[in-house]
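Look through the structure shown here, moving from a place on the surface to the inside. The paragraphs below take up a few of its features in turn.

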Amino acid sequence: MTDSSTKVKSRHGKIFAFNTASITSGLHGAFRMMFFFFFCTEVFGLSAMSAGVITSISVIFDAVSDPVGAFLVEKFRLGKKGYYLPWYVLGIGFLIIGMVLMFWGPDIADGMKPAYMIGTYVIYTIGVTIFTVAWTSLRTIVTRKLEERALYPSYGAINQLVASMFVSIGATPIITAIGGSEINVLGYRVFVMICAAIIILVTIVFSLSVKKEDLHTRSIEKEDKLKLKDIWLGIKSNKAIVALAMATGSNGWAFGIATAVQIYFAKYILGDVGLMSTLGIVGFAIGLPGAIVVSLIMRKTSAKFVFTMGSWAASIFLTILLIFRPFSSTALALGLIGFNGFLTQFTLQTTRVLTSDSADYGYWKTGVRMPSVYGAIESLIGKAMGALSGIVTGAVLTWAGYVADMEVTSRLSFAIILLMFGAPLIGHIISVISMKFYPIDRDTYKVMMEEIDAMESKTEALAEE
């Protein structure tokens with residue numbers, strides 16, 4: 001084996017290990033999105049409207065906390081060593097505590113339940129915020145090579161889809177086996193503890209993969225710390241992050257609705273809540289090839305091209321599903337939902353690359369490193385739009401007359417299908433429009449990275465004098 005091939009394999013291994021953070025993202029994200037609304041209404045005893053309002057309040061808090069968390073991550077250092085990694089680990093701690101408490105479901109008075117759920121969701125949200133802004137920043141320093149960043153979608157998807165599949169396939173059987181049914185709180189307690197243990201192990205692997213680059217970034221840190229005026233200048237100068245935020249925000253809003261209603265789709269449209277496991281298998285079997293295709297196309301084109309192409313294709317496909325509603329056959333319905341998952345990978349898996357590129361774009365334009373802030377701007381706009389997802393889901397289900405374990409009505413069927421496929425269609429249409437204003441194509445990316453490397457080489461040389 002040649003030295004060059006060994007180095008290539010080593011870099012691939014490093015990028016893969018770095019993207020094990022996607023397991024954390026997939027576990028907590030899938031469990032929350034797939035089961036939180038259901039847990040609130042059918043296990044914890046809240047109404048659909050209450051669950052929707054709680055979700056939206058929590059998302060609003062999440063959106064507001066993003067810029068605050070990003071500013072703290074960029075302004076302050078935890079300890080004498082490390083740049084973003086110590087913040088990442090802190091975020092994981094809050095995330096685990098909040099997630100476990102969310103699904104613990106203590107036996108308390110009905111009047112206390114909304115306050116309990118909001119409080120635990122806030123703890124979880126603080127963890128997610130710190131974890132996300134630190135992870136976003138670490139993605140910008142682990143590599144700047146286009147060919148290596150193009151590996152993010154496939155390696156990230158392998159890890160995230162495995163985690164999501166574990167939740168989709170494993171959650172319901174484990175919860176049911178331990179609790180005796182899908183509405184027994186004991187099963188949720190055991191499953192959330194399993195997720196917490198996996199996240200701890202993954203965090204160790206992730207930390208080892210990026211420790212060297214994080215320490216190096218600390219070593220070339222400028223003396224002058226981030227100021228509020230730097231943030232304002234960055235926002236004005238970074239057209240990429242604003243366009244991206246509108247695109248990913250609209251998709252996030254729609255994806256949140258579709259994911260929350262997926263279990264209702266399985267139970268009331270397909271007639272078997274146990275099909276959640278089958279949906280997970282289908283999603284993995286079709287979604288993973290989609291992510292690999294995304295990486296292959298991106299290496300020859302750009303993240304912008306892949307994202308826009310995926311939005312167009314998904315918009316056409318969802319329109320067809322809404323017009324014909326071919327869900328009478330369970331097998332056909334599962335196949336169509338799986339193919340929709342394939343198309344979703346084109347936008348879902350490119351978002352992290354686009355965010356890293358946009359952060360570098362701001363660094364290029366201003367000379368100030370603040371990827372956490374740019375990631376928070378994208379997240380703030382996205383979550384502000386996503387705050388509507390819980391209210392929309394709850395309002396539409398309430399309009400349909402939904403109550404737990406009800407008989408299927410034509411209105412409930414229409415409402416679930418509309419939420420499952422209509423919301424994503426709207427999200428993709430907004431994305432296509434927004435990405436027309438995104439300025440980073442393949443040529444711009446190459447020029448940008450060359451000038452950033454030259455700028456950092458100069459800074460490092462001055463630091464050594």
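M49 is found in helix α3. This is a predicted model, and in it M49 is partly exposed because its relative accessible area is 33%, which falls between the limits of 20% for buried and 50% for exposed. On the surface, M49 joins V53, I57 and I391 in a nonpolar patch, and together they have about 290 Å² of accessible area. Helix α3, which covers residues 48–75, gives the patch its largest share, 3 residues. A general point about helices helps here: an α-helix has 3.6 residues a turn, so residues three or four places apart point the same way.

Helix α10 runs over residues 239–260. At 1.5 Å a residue, its 22 residues should span 32 Å, and the end C-alpha atoms are 32 Å apart, so the two values agree. Is this helix enclosed or open to the outside? Of the 22 residues in α10, 17 are buried, so the rest of the structure largely encloses this helix. At the start of α10, N238 has a side-chain oxygen within 3.2 Å of the backbone nitrogen of A240.

The cysteines come last. The count of disulfides is 0. C40 takes part in none, and the nearest cysteine sulfur to it belongs to C195, 16 Å away. A disulfide needs two cysteine sulfur atoms within 2.5 Å, so a separation of 16 Å rules out a disulfide between C40 and C195. C40 counts as buried because its relative accessibility is 0%. C195 is buried too, with a relative accessible area of 0%.

Notes
Residues numbered from 1 in each chain as written. Predicted model: local features only at pLDDT ≥ 70, side-chain atom pairs only at ≥ 80, totals over all residues. Heavy atoms only, no water. Patch = residues over 30% accessible without salt bridge, like charges linked within 9 Å, V, L, I, M, F, W, Y side chains within 5 Å. Areas by Shrake-Rupley, 256 points an atom, 1.4 Å probe, with all protein chains shown as cover. Salt bridge = Lys/Arg side-chain N within 4 Å of Asp/Glu carboxyl O. Helix = DSSP H or I, 4+ residues; strand = E, 2+ residues; numbered from the N terminus. Buried < 20%, exposed > 50% of the residue type's maximum accessible area, 1.4 Å probe, protein only. Expected span 1.5 Å × (residues − 1). Polar contact = N/O pair within 3.5 Å; in protein donor to acceptor, adjacent residues only side chain to side chain.
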